[in-house]
Amino acid sequence: MKKLSTYTILSTLLFHLPFAFIYAQSPKEKGLKAIDEGTIASTITYLSSDWMEGREAGRPGAYKSAEYLASMFEFMGLEPAGDVINGKPTYFQAFDVLEYKAAEEQHLSIKNSKGQEFTFTNHTDFEVKAAPTSINGGGNLIFVGYGLQVDSLGYDDFYEKSKLQGKIWVRLKGVPQEGQIANSLKEVPQKQIHKLKEQLADKYGALAIIEIELNGFLPQHANNIPFRDNRKYYEGDRPLSSFYDTRIYSPVTKQSTIPPVFMGGEYIMASLVDRTEVETYEASIGKSKLHKVSLLASSASFQANADVERIRVRNVLAKIEGAKSDSLVMIGAHYDHLGKREGYIWNGADDNASGVAAILGIAKAAKATGVKPNKTLLFAAWTAEEKGLHGSKNFLRTFEDKSKIKMYLNFDMIGRRGDWHSKDNQVSFIYNENSPSTWTLNADNIEKYNINLEMFEGKTKQGQAGGSDNVNFDKEGIPYFWYHTGGHEDYHQVSDHADKIMMDKAAEITKLSFLNIWDMAK
């Protein structure tokens with residue numbers, strides 16, 4: 001028998017050994033391999049199950065969800081980064097908020113230029129968007145157009161700024177309907193417009209607001225109600241309740257200056273202003289001078305009553321400590337949703353169990369690398385996003401040194417094909433134009449690791465970050481990147497279920513985001 005040489009034996013063994021034994025995987029590749037579709041699917045399915053009761057902030061479902069997330073971070077070996085209780089760090093950052101809604105008893109009366117006073121009826125002539133406390137008062141009326149100020153568009157409804165303080169504003173609902181300004185504001189989310197109007201009313205000291213619209217309709221209720229008609233015409237034995245009936249205010253250590261808003265129908269509009277005056281105002285928007293509207297009424301008095309409850313909510317925070325203690329990358333997603341009402345559960349599979357699944361997948365991958373990153377990775381599951389971005393707002397308000405945060409990665413709705421996308425694998429990458437390198441990083445990793453995603457441009461300017469938790473980071477000047485697959489017909493509906501999620505797409509987004517985060521943490 002012919003003897004085989006040592007060289008021949010080694011060559012034969014090496015030829016038959018798996019490729020991975022010859023070329024050892026890098027830590028980054030090990031982490032990538034740890035992300036699979038099954039892991040993503042199990043998290044989304046569990047968080048959006050009926051067991052979690054829609055995860056409304058401050059409700060039992062949200063508490064169960066927070067416990068689940070904390071247990072997963074602990075299971076994967078992440079360190080707690082929340083409150084320190086009795087000298088021991090926890091995974092929870094708890095804080096109190098005021099949850100409030102408009103009471104049934106409200107009062108609004110308007111006095112015209114002839115001295116006649118008209119009193120109106122709640123749910124018949126108007127609806128109330130309450131302030132966080134009951135407020136009564138009276139004062140002169142002033143017309144403020146749409147109540148908007150957008151410096152980047154050169155648009156300013158407040159042509160009499162010195163006269164705004166302490167007045168009752170007559171404000172038009174929504175945004176301008178025609179012209180260049182209207183086109184520029186068309187794509188801005190309604191939530192963002194509402195927030196801007198609220199901030200401007202606070203800034204310029206509105207005592208209260210009477211809001212009207214050109215067609216004079218009473219406000220239609222929020223689109224998460226199973227019956228889309230105005231609840232006033234619902235023929236049940238009692239009115240349907242809605243997630244949007246209640247709002248949240250924080251921090252509780254600061255007195256609210258939010259004015260109440262009386263949203264009026266055509267009867268109130270007729271007592272306030274002539275329709276042709278409003279139409280002339282609308283036509284003057286974008287021109288050198290806005291039309292000065294003459295009101296039919298001179299003053300109003302009101303009693304805006306609120307039902308207020310103090311509740312406790314919780315962020316879930318965990319970290320992988322990096323070699324450099326002065327630098328960190330944050331990875332966040334809100335875990336709350338719209339809760340349950342009238343036998344319906346808003347499960348929120350895409351909004352936002354999908355985003356939470358991504359941050360858990362990234363945490364799993366980062367631990368699977370087997371090495372410590374240079375920058376600390378801080379993971380955050382936010383509460384109370386749906387009612388005003390309060391979880392991330394509280395975190396930034398109390399975080400000791402925001403300069404340490406080099407980048408915030410946001411995950412909100414990453415599991416569907418959005419209305420504005422033309423392909424299943426498209427993803428909107430929303431980021432501040434001051435941080436273009438993040439776009440390039442995504443493109444490079446998609447090509448290098450053959451990730452099945454197509455990038456959809458979402459560059460923004462500071463102050464135009466959209467309607468998710470990245471808004472609060474943008475306000476602080478912290479670079480952000482938001483992975484988002486867009487709105488769809490099940491957004492904020494009871495039909496947002498796990499069986500509609502594109503699990504493979506959510507997994508690909510999680511893989512790509514891990515690759516980028518690992519590069520950022522070098």
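Gly361 touches Ile35 and Thr510, leaving aside residues up to four places away in sequence. This picture comes from a predicted model. Gly361 sits in helix α10, which spans residues 349-368. Is Gly361 buried or exposed? With a relative accessibility of 3%, Gly361 counts as buried, because the cut-off for buried is under 20%. For a sense of distance, take Glu127: Gly361 and Glu127 are 234 residues apart in sequence, and their C-alpha atoms lie 44 Å apart in space.

Now let us turn to strand β24. This strand covers residues 480-484, and 5 of its 5 residues are buried, so β24 is largely enclosed by the rest of the structure. In a regular strand, side chains alternate between the two faces of the sheet. Both faces of β24 are covered. Tyr480, Trp482 and His484 are buried on one side, while Phe481 and Tyr483 are buried on the other.

Which strands pair with β24, and in what sense? The table sets out the two pairings.

| Strand | Residues | Sense relative to β24 | Bridges to β24 | Residue opposite Tyr483 |
|---|---|---|---|---|
| β21 | residues 405-411 | parallel | 4 bridges | Phe411 |
| β22 | residues 426-432 | antiparallel | 4 bridges | Phe429 |

Tyr483 is a handy residue to look at here. Phe411 stands opposite Tyr483, and Phe429 also stands opposite Tyr483. Tyr483 itself is buried, on the side of β24 that also holds Phe481.

Notes
Residues numbered from 1 in each chain as written. Predicted model: local features only at pLDDT ≥ 70, side-chain atom pairs only at ≥ 80, totals over all residues. Heavy atoms only, no water. Helix = DSSP H or I, 4+ residues; strand = E, 2+ residues; numbered from the N terminus. Buried < 20%, exposed > 50% of the residue type's maximum accessible area, 1.4 Å probe, protein only. Contact = heavy atoms within 4.5 Å. Pairing = 2+ DSSP bridges.
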